[in-house]
Amino acid sequence: MSTLRRARCQFKAHPLTLDAVIAAAVLLCMISSAFAAPDGDHGVDWGARPPNALSLLLMVLAAAALVLRRRSALAVLAATGTFALIECVTGDPRAPVAMTTVIALYTVASTTDRATTWRVGLLTMTVLTAAAMLAGPLPWYAQENVALVAWTGIGATAGDAVRSHRAFVQAIRERAERAERTREEEARRRVAEERLRIARELHDVVAHHIALVNVQAGVVAHVMDRRPDQAKEALAHVREASRSALDELRATVGLLRQSDDPAAPTEPASGLGRLDELAGTFRNAGLPVQVARADQGTELPAAVDLAAYRIVQEALTNAQKHAGTGAKAEVSVVRVGPNIEVSVLDDGAGATGATGTGGGHGLLGMRERVTALGGTLTTGPRYGGGFRVHAILPVQTRAGAERKPV
């Protein structure tokens, strides 16, 4: 078995050698058939009527032409067809030179299209059969003449079947490769989206709490000597903010460690239900925040609820960092038709940093959240000073967006 496999590999690597072997085998078959007389006294009589020199020459030339059948199939078909035509008209009718024409026609059919096969096959069949019937030494109804029709038809049909099978196999292979590429691209896309979600969530969690810790630490440093009671209160807020940051980070990292999707959501339970608590943390840090809600108790999908909460959190964090001393903020949540609208306004004078020109990722993360849900986000300075963040989120989201980002 290994010897056969090695021989097959050698022939695939050297197709000209394979064609030479096939040509030699065809030549041997033609010569053997030419020496045989099927109607002898005792069945087949070998050597009773040897072929003439012209028939032997035609067989040799036709077989030699088959060596080049892969390089120029149509030219080889024309050459072998010409030799077969000469044999049909002037040679020994027992010399089967047409065998090489059948093989050449098979090669043409297996390497070209079906229309070419039909045209070339019909032309070859018509010319050889007509020449044998009209100008050959045998009667027009002889079985040798009818056999030309059968053999040329078999050659063309077999070649077309092989070509169709190769095309089918190639199409399956290409489809499988395309599907594999699609799966790999989809996997890379999902990984990139997951990394983006993780980075966005970590940014929102860390930036918010660290900003509060930074503000309270500044308060402690300012009042430590003169008002120790206020310094203790600020330190308590620092401890509370750091504890909240650690809890949310622990929950997020816990999700990343899970090898499969949990049956129930275990991510931080952040949503508009904690809006008052969120506003209270900023009030403790010195930013007056007013909250107005007119969402009529709308129960939001998990993804929309989390996105709305994070938008408010990031907008207030930006106001805390960039609006300046004495600034106030207003948060409103309103149900408008099929959408929920979230607005965060501040009246601070230092809105430049809040526009995102400082190189942060806060506004970019908000825009990514809103876009993923099919909503819109508008941000920019307010007329007369301050900054405005306005998000419109659809209450009914796409199925693929229902899963909360981690």
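## A buried aspartate and its sheet

D346 is buried yet makes no salt bridge: R382, the nearest side chain of opposite charge, sits 6.1 Å away. That is beyond the 4 Å a salt bridge allows. Keep in mind that this is a predicted model.

So what does D346 touch? Leaving aside residues up to four places away in sequence, its contacts are A319, A323, K328, A329, R382, G385, G386 and F387. D346 itself is found in strand β5.

Now for the strands around it. Here is how the pairs line up:

| Strand pair | Direction | Bridges | One pair of partners |
|---|---|---|---|
| β3 (residues 289-294) and β4 (residues 329-336) | parallel | 6 bridges | V289 and A329 |
| β4 and β5 (residues 339-346) | antiparallel | 8 bridges | V331 and V344 |

A329 turns up twice, as a contact of D346 and as the residue opposite V289. Between β4 and β5 the hairpin has 2 residues, and G337 takes a positive phi near 60° there. On the other side of β4, the link from β3 goes by way of helix α10 (residues 302-322), and the three make a left-handed β-α-β unit.

Elsewhere in the chain, how far apart are the end C-alpha atoms of helix α5 (residues 98-111)? They are 20 Å apart, which agrees with the 20 Å that its 14 residues should span at 1.5 Å a residue. Helix α5 is also largely enclosed by the rest of the structure, because 10 of its 14 residues are buried. Among them are A98, T100, T101, V102 and S110.

Notes: Residues numbered from 1 in each chain as written. Predicted model: local features only at pLDDT ≥ 70, side-chain atom pairs only at ≥ 80, totals over all residues. Heavy atoms only, no water. Pairing = 2+ DSSP bridges. Helix = DSSP H or I, 4+ residues; strand = E, 2+ residues; numbered from the N terminus. Right-handed = clockwise from strand over helix to strand, strands pointing away. Buried < 20%, exposed > 50% of the residue type's maximum accessible area, 1.4 Å probe, protein only. Lys, Arg positive; Asp, Glu negative; His and termini not counted. Contact = heavy atoms within 4.5 Å. Expected span 1.5 Å × (residues − 1).
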